[in-house]
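Here is a friendly walk through a two-chain model, from its charged pairs to the place where the chains touch. Please keep the structure open as you read.

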Amino acid sequence: MTPTRKRRLIALLLILAGVGVASTVAFYSLQENMLYFQSPSDLSMQPIPPGRQFRLGGLVKPGTVTRAQDGLATRFVVTDGPKDVTVEYVGILPDLFREGQGVIARGALDGSGLFAASEVLAKHDENYMPPEVADALEKSGHVSPTADGG
Amino acid sequence: MNTNIAVKDKPRKNALVMFIHKMGSPPWFYDFTGKLIPWIWLIFGVLTSWGLYLGLVKAPADYLQGESFRIMYIHVPSAWMSMLIYTSMAVMGFIALVWRVRMMEILAMSSAPVGAAFTLVALVTGSLWGRPTWGTYWVWDARLTSELVLLFLYLGVMGLYSAIDEPRKAARAACLLALVGAVNLPIIHYSVKWWNTLHQGSSISLTGGSNIDPSMLWPLLIMAIAVKFYYAANLLTRARVRLLEQDLRKGWVQNLVRERSK
């Protein structure tokens with residue numbers, strides 16, 4: 001390798017190392033803000049004051065979905081295992097919404113600890129399978145494939 | 001420069017090194033790729049029709065998403081290509097910057113529009129899938145945002161390249177931008193691991209098991225290989241055109257024109 005090429009190589013590697021270090025530092029400091037949603041456990045560790053908007057993410061706890069007799073109001077519990085938060089939402093839920101499904105709700109807590117959502121998105125997990133396989137998994141006693149994703 | 005190396009070194013080089021040296025010579029490159037490209041298109045055509053047939057007709061519907069999951073046969077290969085092409089552009093840019101190989105500059109710069117197209121396809125198909133599945137076309141989570149940044153990086157490289165008149169200077173500036181922008185690649189890849197995102201994690205991993213049923217996985221892998229041939233054919237075609245443009249007044253192009261017009 002000629003001296004000029006070596007010099008260019010070193011200069012380029014230094015630039016790359018510099019950019020790499022700078023972006024690593026930047027991303028470490030941004031870590032908190034880069035979180036798209038908070039889990040119920042995050043919430044219990046670092047409470048968010050009522051009225052402030054944020055996104056809550058977790059699984060819909062099976063058996064907790066109740067729909068209002070009149071209107072579109074739905075109430076369900078979002079859980080991440082150790083902690084639960086009750087969510088109330090008025091509106092049309094996405095097709096994928098069901099018990100055990102991962103969801104992300106945007107809204108704010110009211111004074112009583114109820115999360116009033118203005119938007120609910122379904123979070124799809126990374127499992128893809130035909131219906132027969134899903135049935136077989138469920139029958140063989142595996143947890144429903146939707147319940148372990150996240 | 002290639003001839004210098006060939007003369008300096010022992011005359012008997014191994015076949016691969018000889019091939020790489022030859023590819024650096026414009027007339028040879030032009031001639032060789034001209035013969036190669038139709039075959040690449042042919043393989044692309046066969047693989048794509050096979051992959052799409054398996055994916056859109058043969059593969060079963062998903063237990064949860066129904067038919068809409070089939071968009072992944074376009075979305076996932078495009079998203080992979082958007083990152084692979086950027087990687088290859090950055091590596092070629094690096095070689096171009098250190099060794100000043102003109103052919104590498106041309107190849108790196110010809111990669112950018114192809115990569116930008118794949119990024120756009122990944123973003124649009126993802127958005128169309130997101131509407132029925134998530135309930136929204138777009139969210140600003142880490143995966144989606146970093147992929148959008150990738151599109152802007154491609155556009156930036158293309159813009160910078162065309163903003164400078166002298167092609168070799170332009171290529172050097174744009175290669176440097178491409179190289180610096182490569183920081184974004186690990187961010188895109190790990191975004192779903194490092195942060196909570198709406199986008200799901202990877203279904204396929206090289207090391208661990210995949211979370212896709214085999215009947216759904218095969219068409220995806222075939223499509224992933226097919227798009228690589230598309231990249232190759234498109235890249236080489238673009239590089240040939242760029243080479244002709246730059247060498248318009250050189251002897252080999254004049255000879256070519258004379259031969260063709262006979």
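## Charged pairs and the chain interface

R75(A) is partly exposed, with a relative accessible area of 37%; partly exposed lies between buried, under 20%, and exposed, over 50% (1.4 Å probe, protein chains only). Its partner E88(A) is also partly exposed, at 29%. The two form a salt bridge, with 3.3 Å between the closest N and O atoms. By salt bridge we mean a side-chain nitrogen of Lys or Arg within 4 Å of a carboxyl oxygen of Asp or Glu. R75(A) sits in strand 3 (residues 73–79) of chain A and E88(A) in strand 4 (residues 84–90), 13 residues apart. Helices (H or I, at least four residues) and strands (E, at least two) are DSSP runs, numbered from the N terminus.

A word on the ground rules: this is a predicted model, in which local features need pLDDT of at least 70 and side-chain atom pairs count only at pLDDT 80 or more, while totals for chains, interfaces and linings use all residues. Residues are numbered from 1 along each chain as its sequence is written, chains are lettered from A and ligands numbered from 1 in the order in which they are written, and side-chain values use heavy atoms, leaving out hydrogens and water.

How many salt bridges does a search of the whole structure find? Over all chains there are eight, and three of them are set out here.

| Pair | Closest N and O atoms | Relative accessible area |
|---|---|---|
| R75(A) and E88(A) | 3.3 Å | R75(A) 37%, E88(A) 29% |
| R102(B) and D247(B) | 3.0 Å | R102(B) 18%, D247(B) 1% |
| E105(B) and R168(B) | 3.1 Å | E105(B) 3%, R168(B) 26% |

Now to chain B. R102(B) counts as buried, and D247(B) is buried too. R102(B) lies in helix 5 (residues 102–133) and D247(B) in the loop between helix 9 (214–246) and helix 10 (251–261), so their salt bridge ties together parts that are 145 residues apart in sequence. R102(B) and D247(B) also belong to a salt-bridge network with K250(B).

Helix 5 of chain B holds E105(B) as well, and the partner of E105(B), R168(B), is in helix 7 (residues 167–181), 63 residues away. E105(B) counts as buried, whereas R168(B) is partly exposed.

Stepping back, chain B has 10 helices and zero strands. Its C-alpha trace spans about 60 × 40 × 35 Å along its principal axes, and 47% of its 262 residues count as buried.

Where do the chains meet? In all, 39 residues of chain A are in contact (heavy atoms within 4.5 Å) with 44 residues of chain B. The area buried between them is about 3,700 Å², of which carbon and sulfur atoms give 66%; buried area is the accessible area (1.4 Å probe) that two parts lose on being put together, summed over both. Helix 1 (3–34), strand 6 (115–123), helix 3 (131–139) and helix 4 (145–148) of chain A each give two or more residues to the side that touches chain B. Helix 1 of chain A gives the most, with 12 residues. Between chain A and chain B the count of salt bridges is zero.
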